[in-house]
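Biologist: I should like to go through this protein with you step by step. Please show the sequence and the structure before we begin.

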Amino acid sequence: MNIKALANSYLLLALVLGALLPVMLALAGGMNIYEYLFLTYLVAVPTSFLFVLVSGKKEKLFSYVRNKKDFAIIAAIGLLNYAFLEFGMDYAEHFVSASLATVIYRTYPILMLVFLPLILKERVTKYQGAALSLGFIGLYIAISMSGGAAGSSGSINAPIILLLSIIAVAGALATVLVKKYAYDMESSMFIFNLANFVFFSFLFLLNHPQFGGLTMASVMAILYVGVVYNVFVGFMYYGALRMLKTTFVTNIYFLSPFITLLFAYLVLGEAILPYYLIVAGLVAVGILIQKFDKKGGSYVPNKSHSMHRITLFDVTGAFLNTSEAAISDTIKGGGRVLAVKVPHKHKEKVDSMLKLSEYSNVFTHEHPTITDESLFVKDVLGAGNDDIVVMKAGSLKDSETFFGKLDEAIDAEEKMLR
């Protein structure tokens, strides 16, 4: 299976299976929250370790465990996402419907736009800004019209709404960090689960541990969250996010509330209230707006390397499993892979720059050992058949310097051609 088909398959499966999470959490609502999460991660840890073994990533996992910095970063990301999400959502669903909790939490792809330029140096455009605004309008409508968020007095349960908003922010930040750090995903899923198991075991012991309240529904919830969601949904979602444009993945994931509403109706019997559809409709409009966005998600170089003729994209995710040793070693050392598309008329200029020995780890899409990756990158960049895709693996500073000079050379050639 080629990279694009694999990434899209991961994204589709993660979308559908992930939409079941709020429903499954609601099924476990009768259990003590600490017992539930302790048992969930008790299942998730051995499952994720078995996944590592089957994937042949045992040595990679052990290298992270031995490296205190790597282990701490991965564990922190896992806690930031899963601890906030599963504890917060489970707690919130004692007070609000699973559908409402989902509508608020699923604003996190929009909230990612706040972190993209800060952490990944991705460009946020006016189209993305418009989508962000629509998302916040939808959140305001959910808060204002929510009968599901009302407490026993009939007033809006503001603390629960705030909690769900914090969960959304934590999820947005954690997701961006996963894309920033190119750690092996199978190994990362195990460390995510191990860190959360230690955390929830501590909370379970702290709150006078006792077992009880297990039902067929709660066992289903534990198995689903512990095995399906905490291991395989996370692996597929983060894998797709790394390979595809962030904005494309976030756009698709805005469909998740629609699917959750359907699951909540079928499994929990929750009514689909009109304002849920209004909020989801605003999100859908945001998706359509971003269809016009050609530069959203592109890489923003430092001002000293401003580029006028080319647009940079970070395509590191396409090369995480590459057989090209130079690129693989660069990524393992913390480097990234940046890429641009160049019109065919500048091919001679590109070739002459690539021949200069001062530029290392520079490739075009014609490089024989990266055929699958090249086809995928061409698709991501929207390159035509005659366009040249130029890629460089290395530190961001070195790559920006190279592409800055390439931009200057193309600009000079364009002026001569006038």
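Biologist: Which residues have the most contacts inside the largest nonpolar core?

Modeller: This is a predicted model, and its largest nonpolar core has 116 residues. In soluble globular proteins, nonpolar side chains tend to be buried together. Inside this core, the residues with the most contacts are Y36, L164, F192, Y238, F319 and V377.

Biologist: Which helix gives the most to this core?

Modeller: The contribution can be counted in residues, and the leading helix gives 14 of them. That helix spans residues 216-243. The helix in question is α11.

Biologist: Which residues does F319 touch, leaving aside those up to four places away in sequence?

Modeller: F319 is among the residues with the most contacts inside the largest core. One of its partners, V377, is listed there as well. With the neighbours in sequence left out, F319 touches I327, I331, V337, I370, E373, V377 and M391.

Biologist: How many residues does the second, separate core have?

Modeller: This core is separate from the one just described, and V340, V342, L406 and I410 are among its members. Its number of residues is 18.

Biologist: Which residues of helix α17 are buried?

Modeller: Helix α17 covers residues 371-381, and a residue counts as buried when its relative accessible area is under 20%. The elements covering the buried residues of α17 include α1, α11, β1, β2, β3 and β4. The buried residues are E373, S374, F376, V377, K378, V380 and L381.

Biologist: Which residue follows α17, and what is its phi?

Modeller: The residue after α17 is G382. Its phi is positive, near 70°.

Biologist: Is V267 buried, exposed or partly exposed?

Modeller: V267 lies in helix α13, and this helix gives four residues to a nonpolar patch on the surface. The patch is formed by L262, Y265, L266, V267, I272 and L277, with about 580 Å² of accessible area together. The relative accessible area of V267 is 45%. Because buried means under 20% and exposed means over 50%, V267 is partly exposed.

Biologist: What is the distance between the C-alpha atoms of D351 and T364?

Modeller: D351 is placed in helix α16, which comprises residues 347-355. At 28% relative accessibility, D351 counts as partly exposed. D351 and T364 are 13 residues apart along the chain, and their C-alpha atoms are separated by 9.3 Å.

Biologist: What share of the residues in the protein is buried?

Modeller: The protein has 18 helices and four strands. Of its 418 residues, the buried share is 55%.

Notes: Residues are numbered from 1 along each chain as its sequence is written. This is a predicted model: local features need pLDDT of at least 70, side-chain atom pairs count only at pLDDT 80 or more; totals for chains, interfaces and linings use all residues. Side-chain values use heavy atoms; hydrogens and water are left out. Helices (H or I, at least four residues) and strands (E, at least two) are DSSP runs, numbered from the N terminus. Buried means under 20% relative accessible area, exposed over 50%, partly exposed in between (1.4 Å probe, protein chains only). A nonpolar core is a set of buried Ala, Val, Leu, Ile, Met, Phe, Trp, Tyr and Cys residues joined through side-chain atoms within 4.5 Å. Contact means heavy atoms within 4.5 Å. Patches are made of residues with over 30% relative accessible area and no salt bridge: like charges are joined within 9 Å, nonpolar side chains (Val, Leu, Ile, Met, Phe, Trp, Tyr) within 5 Å. Accessible areas come from the Shrake-Rupley method with a 1.4 Å probe; for residues, only the protein chains shown count as cover. A salt bridge is a side-chain nitrogen of Lys or Arg within 4 Å of a carboxyl oxygen of Asp or Glu.
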